[in-house]
Amino acid sequence: MNSEQVVTSQCNMSDRSPNTGNSNGMQHNHTMRKQHRNVGNHHYPILLRRWGALLLVVCLYNWLSATAQAADTSQSGEGATMTTHPSVLAAAIAAEGETATWNQNLTNEYTVGDAVWALDRRGMRGTVSAGEQGSMKLYAQPTGKDMVLMTDLMPVDDQSETQQQTPSPMQAGLVFRTDEQGQQGYEVIVVRNGNRITVRLQQSDGTIIQQSQHSYPSESGVKHRLELHVQDHHMQLYVDGYAQPALDTEQLTDGADADMAGIIVQSGAASFQDTYRMTGQQFYGEDYRPAYHYSALRGWASDPNGLVYYDGEYHVFHQDGGRWAHAVSTDLLHWKNLPFALEWNQLGHIWSGSIIADEHNVSGLFDGTAEGSGLIAYYTSYTPTQHNGNQKIGIAYSSDHGRTWRYPTDRPVVIDNPGKSATEPGGWDFRDPKIVRDDANNRWVMVVSGGDHVRLFVSNNLLDWTLTDNFGYGNYIRGGVWECPDLFPLQAADGTVKWVLMISTGANPNTEGSDAEYFVGQLRADGKFINDNPVGTVLKTDWGKEFYASMSFAGLPQQQRIVMAWMTNWDYAFDQPTGDWKGVLTIPRQLTLVSTPSGYRLSQQPVQQLNTLRTPLWQTQATELTPDSPNLLAGLSSASYEIEAEIRLPQQQPASSFGFRLLANGDGTQFTEVGYTAADQQLFIDRSQSGITNFSPLFRTRQQATLPSTDGVIRLRILVDRSTVEIFANNGQTVFSSIVFPDAASRQMSLYTTGGNVQIVSLKVNRLSNVWDSQRP
């Protein structure tokens, strides 16, 4: 299928500025992904910010006229002086129904050179006509000579958009450590030749310092993410999220008063979007920022979407304002942010969904592409002007490893709303499609949330889907609306294969906010899911209150099943006190199926890759601890670490309770407690003294679960990461996911026992290194 629409921003929101004082955009332009969550005839509003939803609707459907932002002249910016060559700022050129906006945090502008600069639907565009010199937009940002500088660079291919003679091949990029005239410092230049790009580092006089050893794909409509790190004499440039830097040199020299940075077009035409200059602290170093969990650099990270492993890369997409944000990793720990993958289109918002690899082009979407295969995204198309969004299943596809996405114009929707009739488009709950391969029956299966049930579909070509089952309803509903389902087979150690259906449930008083559970059963050849357990048997996925919208990765080798989830609760989904970024995803977890006296159950463990971050801090074994013993962990200080503990309650004088106080301050007035009470066999987390807890009246501070000992031993693995605490008990059969907001100085820890003694079989504390630090020069 060749008819297509390149994914471009339909409403560029200035909402994603880093924590540099430019935060108003984020505070006023984001909205929550869901407006109402319906179960039957009951509506459960999830803390809807009405002003946010209204703004999104206005932005998308009332289409502000193209804004030239003419105040952004060559002399704009506080303290700016006369530029060397004043540029011509053309009126914004935006397609009808699109707002021209450049998301950036740059200040104090100077323009040098002959290019025509204009706002277009992509962002700030620079065009150099044949025979003219290049041009720079420079900014005197008070961040010093060391910096992180990022932009999304888009080659402009369409001559009609440039309103110039056919431009030369694009050469454009970033400038740093330069002066007001652009006569000092360095330039990072992206050179496009056909459908490939290379990059080079050069001095301002054109002397080349280094060129990339590899070229990178550059399809029509691509957004190239440039991530530049500069520290002292060291510079690294990452391109399009690939793990290895395209440029890496320590040959930088200092220049007098050369601390300006900006964008440059030397030939051809290019647009720049999401351009930000940050200090090292502002790049994943803010208050509460986790060290080894994924979080978005700016904006919101909510529902995980489209988790897929493809050709050596793990892809994480997630919701951010009804769009799919995107990051990639080669090890599930070190992530590189990419431009938005799926943005609002002609149908509306892009709500949650999943991705599958079409390796043999059974869909026909990859006819004529170089590899004849690629990725297909299935998303919830939500139209704000229709009743309940007229939720339906749309698709997009990528033939360049997820860097560029296209909506097929001849078939943008593969499944219409089930409430569709001859006169109505349909307003039923119908969202969050998840695709899984069913090898036993040579087909793909799709599970979709229907509010108080899930719908199952099957397909042989990834485009035509047949409804096979409706599972749920009635007594299966114990709280809020069913959302974000997942379905997959798992094999137990004894060889038994079961199908697991996971769901999340929206906020409801019966479940103290949102919740997550799963079902174990069989998927029959006729496409129906059969639950092994009777209605009313609740298998909780997580006993904490911040685990939602879990999704497993598609495409993993050897039938692995790894999941990530959004660490929040719909009672306070976006109320956390984290500034310009919101939302953290859980540590990736390996799922296994274990046989228990009650039946087959899920076990969760952190992925093995996490072990590579360890630095041993302290350990002991075969130690008796009494209520009067000194704190064994005294003197240890860390905000990101793990504890591995095996603790036995002795037959003589056993403790009534024991536990750990984590992220504690010096006087013992602030801490998060993870403890165990012996009489009722309860494992608990208590956050009542953990720090900031008043950001929501619905933030519940204590959760607990029954945890019988194994041969008299309680086994705990606790992951602490600044603002997250995850507990894996008894080999991951009982799990808690929690968020906390302690003071920065609360880094101490202690082990206590009350009412008697405990025997420490083994106790280890490991510091876990900061994955973002390792990405800095």
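Here are three short exercises, with worked solutions, on a predicted model.

**Exercise 1. Work out how strand 16 sits in the structure: buried or exposed?**

Step 1. Find strand 16, which covers residues 234–239.

Step 2. Recall the pattern to look for: in a regular strand, side chains alternate between the two faces of the sheet.

Step 3. Check one side, where you'll find His234, Gln236 and Tyr238, all buried. Then flip to the other side: Met235, Leu237 and Val239 are buried too. Buried here means under 20% relative accessible area.

Step 4. Put it together. 6 of the 6 residues of strand 16 are buried, so the strand is largely enclosed by the rest of the structure.

**Exercise 2. Find out which strands pair with strand 16, and in what sense.**

Step 1. Start with strand 15, residues 224–231. Strand 15 pairs with strand 16 in the antiparallel sense, over 6 bridges. For one of the partnerships, look at Val230, whose bridge partner in strand 16 is Met235.

Step 2. Now look at the link between these two strands. Strands 15 and 16 form a hairpin with 2 residues between them. In that hairpin, Asp232 takes a positive phi near 55 degrees.

Step 3. Move on to strand 17, residues 247–249. Strand 17 also runs antiparallel to strand 16, and 3 bridges join the two. Here Gln236 has Asp248 in strand 17 as its bridge partner.

Step 4. Link this back to Exercise 1: Met235 and Gln236, which you've just seen in bridges to strand 15 and strand 17, belong to opposite sides of strand 16.

**Exercise 3. Describe the two largest pockets: what volume does each have, and what lines it?**

Step 1. Why roll a probe at all? A probe the size of a water molecule, rolled over the atoms, shows where empty space is left.

Step 2. Take the largest pocket, with a volume of about 800 Å³. It has 34 lining residues, and the closest to its centre are Arg437, Asp438, Asp439, Gln559 and Arg561. Strand 29 gives the largest share of this lining, 5 residues. Sorted by class, the lining has 19 nonpolar, 8 polar and 7 charged residues.

Step 3. Do likewise for the second largest pocket, whose volume is about 530 Å³. Its lining holds 20 residues, with Trp543, Arg601, Thr706, Gln733 and Thr734 nearest the centre. Strand 42 supplies the largest share, 3 residues. By class, you get 10 nonpolar, 8 polar and 2 charged residues.

Conventions: Residues numbered from 1 in each chain as written. Predicted model: local features only at pLDDT ≥ 70, side-chain atom pairs only at ≥ 80, totals over all residues. Heavy atoms only, no water. Buried < 20%, exposed > 50% of the residue type's maximum accessible area, 1.4 Å probe, protein only. Helix = DSSP H or I, 4+ residues; strand = E, 2+ residues; numbered from the N terminus. Pairing = 2+ DSSP bridges. 1 Å grid on protein atoms, 1.4 Å probe; cavity = no way out; pocket = protein on both sides within 12 Å on 5 of 7 lines; lining within 4 Å. Points joined across faces, edges and corners; volume = space filled by probe spheres on them. Nonpolar A, V, L, I, M, F, W, Y, C, P; charged D, E, K, R; others polar.
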